[in-house]
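Biologist: Please take one part of this model and look at it closely, then follow its surroundings outwards, including the charged pairs elsewhere in the chain.

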Amino acid sequence: MTPLRAGLGQLLEEWELTVDESDPLPEAPAQVVAVRTADGGRAVLKVGTAGSTAHLAFRHWAGNGAVELLRADPRRGALLLERAGTADLTTRWDLEAAEAVGELYGRLHIPAPPQVRTVAEVFADWTDRVGRGDPTTAVPRRLLAQATSQAAQLTADQTDAGALLHGNLHYAHVLSADRAPWLATSPRPLSGDPHFELAPMLWHRWDELAGRIRAGVRARLTTLVEVAGFDEDRARAWVVVRAVHRATRTLPAQAGTPHGRDRLTICISLAKAVQD
């Protein structure tokens with residue numbers, strides 16, 4: 001038994017859970033297991049999130065727009081979560097999925113707990129590093145300068161700051177459910193401007209946009225903005241910032257690999273596609 005599995009075994013015993021072998025999770029990683037609670041309820045046990053603040057997000061959402069947190073042990077990075085359905089938004093037309101996510105934003109963006117890191121902190125670290133002329137980025141300098149400038153402006157404006165953000169909300173992180181059409185899972189919580197959220201919905205399912213990148217990206221963006229009631233200019237600016245931020249994690253040495261080249265191309269293409 002691996003240490004990870006041993007940890008699961010301990011939790012199963014302590015929390016009076018049994019592995020649900022009759023209805024396992026399809027293609028689940030080793031640290032995520034379908035279980036039954038002592039009263040026979042269906043749940044999901046997840047470990048390996050030590051240091052994460054996901055439990056705080058789930059606790060604050062209290063099942064409104066997200067799967068419900070049943071129990072947590074942050075020290076061991078363990079979460080016992082409501083089991084939702086197996087379908088996610090990757091099976092839906094991208095604009096239909098964008099409508100569903102746009103509706104979820106309004107439920108998830110409640111005031112954030114103080115323990116959650118802020119978007120301003122994240123981007124202060126980034127702009128400081130880039131401002132020192134970090135040579136590791138493969139992003140064109142002109143686009144990098146634009147993104148860092150916009151990041152500084154957006155984080156300085158505290159008008160919409162303080163919302164609890166999912167941080168990585170996209171098609172695969174929204175599951176079907178009986179009690180609601182769709183519920184979010186797998187957050188990387190931050191506190192900040194709700195307009196920050198949109199970018200993952202644009203850079204995922206990129207292959208579907210072949211031959212119509214600009215039109216496809218803008219259709220998704222418009223749908224998300226209209227359903228959520230966001231400011232389009234602010235949303236567009238955050239997409240540029242997040243796309244470039246993501247691209248800076250692709251080093252020049254990686255840019256020559258298929259994965260690195262694809263990632264860099266997607267990020268730069270996305271940043272350009274949302275701008276007039």
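Modeller: I would begin with helix α2, whose buried residues are A54, H55, L56, A57, F58 and W61; buried means under 20% relative accessible area, exposed over 50%, and partly exposed in between, with a 1.4 Å probe and protein chains only. This is a predicted model, in which local features need pLDDT of at least 70 and side-chain atom pairs count only at pLDDT 80 or more, while totals for chains, interfaces and linings use all residues. Residues are numbered from 1 along each chain as its sequence is written, and side-chain values use heavy atoms, with hydrogens and water left out. Helices (H or I, at least four residues) and strands (E, at least two) are DSSP runs numbered from the N terminus.

Because 6 of the 8 residues of α2 (residues 54-61) are buried, the helix is largely enclosed by the rest of the structure. Those buried residues pack against β4 (69-73), β5, α3, β6 (163-165) and β8 (182-184), where contact means heavy atoms within 4.5 Å. Just after α2, A62 takes a positive phi of about 50°.

From β5 and α3 the path leads to the loop between them, β5 being 78-82 and α3 94-108, and D88 has its place in that loop. D88 is buried yet has no salt bridge, the nearest side chain of opposite charge being R205 at 7.1 Å; Lys and Arg count as positive and Asp and Glu as negative, with His and the chain ends not counted, and a salt bridge is a side-chain nitrogen of Lys or Arg within 4 Å of a carboxyl oxygen of Asp or Glu. Neighbours within four places in sequence aside, D88 is in contact with Y171, A172, V174, L175 and W182.

V174, one of those partners, has its place in strand β7 (residues 174-176), and with a relative accessible area of 0% it is buried. Beyond four places in sequence, the contacts of V174 include D88 together with A87, L89, V101 and L104, and also W182, L183 and A184. By contrast, the C-alpha atoms of V174 and G41, 133 residues apart along the chain, are separated by 21 Å.

Although D88 lacks a salt bridge, a search of the whole structure finds 14 of them. One joins the side chains of E82 and R179, at 2.8 Å from N to O, and this pair links distant parts of the chain, with E82 in strand β5, R179 in the loop between β7 and β8, and their positions 97 residues apart. E82 is buried at 16% relative accessible area, whereas R179, at 43%, counts as partly exposed.

Another salt bridge pairs R234 with D157, their closest N and O atoms being 3.2 Å apart. R234 lies in helix α8 (residues 232-247) and D157 in the loop between α5 (141-156) and β6, so the pair ties together parts that are 77 residues apart in sequence. Here R234 is buried, at 13%, and D157 is partly exposed, at 30% relative accessibility.

Within α8, the side chains of R236 and E232 also meet in a salt bridge (2.9 Å, N to O); the two residues are 4 apart in that helix, about one turn. R236 is buried, with a relative accessible area of 12%, and E232 is partly exposed, with 36%. Finally, salt bridges that share partners join E14, D73 and R76 into one network.
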